[in-house]
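User: Please go through the ligand site of this model with me.

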Amino acid sequence: MFTHLKICGITRLEEAQKIAELGVSFLGFNFYERSPRFVTTGRAREIIRQLPAWVNTVGILVRPTLRECLQILKHTEIKFLQIYDPLDFTDFNRLPAPVIAAFRLKDGVEFSYQRRGEQYVLLDAFHSGVYGGTGRTLNWLQLPAEVPRERLFLAGGINPDNILKALTAVNPAVIDVASGAERAPGVKDLEKVRAMQMTVLSFNLAKIDRAKQNGNN
Ligand SMILES: O=C(O)c1ccccc1NCC(=O)[C@H](O)[C@H](O)COP(=O)(O)O
């Protein structure tokens, strides 16, 4: 399994295009109005239609209704939905797009995971009153074992300085970054994005090398 990078909180076309040029697999668009990274569905649609088709676009929603999810999918043509505090987990099965169920883990509080209709799970650090984009880090060595790493988006305080440590400790399907890739909320720092994408690619190459070596032994 290769690990991918997701850059969350895209608000500007030019930045989105440059991030895609770096080969970043997932771009997140935040439809939660209280986020400093909020983007309207109209603007997201304009950006998404000018991105290469291979980019995995993700819409971030907090406590959405089923109707809202369906409208956003139709209007923006976004490919994935990342959902916080769902009103009804059974709605996941009614959505015509893969769902990333987002959970925020509290330090010292046990979290037991049960799969509902989601395809992926995002784990982030809990911060009272704020759903995400806090820059707060999880304890990577104590993540719930029942979340399969091939379905895991690892989020929370990841930046160019600690990304290799996060990759090595967890080996998730996707590393998710918002504030660690910014100059200011919603303004991406392309050098930070490049540095993290390079680290992810090197990490994947090292996995290929190890697999080859194991095959030769
Ligand atoms: O980024 C936000 O402002 C946000 C607000 C409400 C819900 C989710 C939000 N972000 C979602 C993400 O996927 C972030 O990438 C994730 O929380 C990690 O953020 P950071 O710790 O800043 O890298």
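The turns below cover the ligand and its surroundings.

Analyst: This is a predicted model, in which local features need pLDDT of at least 70, side-chain atom pairs count only at pLDDT 80 or more, and totals for chains, interfaces and linings use all residues. Residues are numbered from 1 along each chain as its sequence is written, and side-chain values use heavy atoms, with hydrogens and water left out.

User: How many residues surround the ligand?

Analyst: A residue is near the ligand if one of its heavy atoms lies within 4 Å of it. The closest are Ser35, Asp124, Gly157, Asp176 and Ser179. By class, the shell has nine nonpolar, ten polar (Gly among them) and four charged residues. The number of surrounding residues is 23.

User: Which residue has a polar backbone atom 2.8 Å from an oxygen atom of the ligand?

Analyst: A polar contact is a pair of N or O atoms within 3.5 Å. Side-chain N or O atoms come to 2.8 Å from a ligand oxygen at Arg37 and to 3.4 Å at Lys6. The backbone contact is made by Gly133.

User: What share of the ligand's exposed area does the protein bury?

Analyst: Accessible areas come from the Shrake-Rupley method with a 1.4 Å probe. Taken alone, the ligand exposes 520 Å². The share buried by the protein is 99%.

Definitions and conventions:
Polar contact = N/O pair within 3.5 Å; in protein donor to acceptor, adjacent residues only side chain to side chain.
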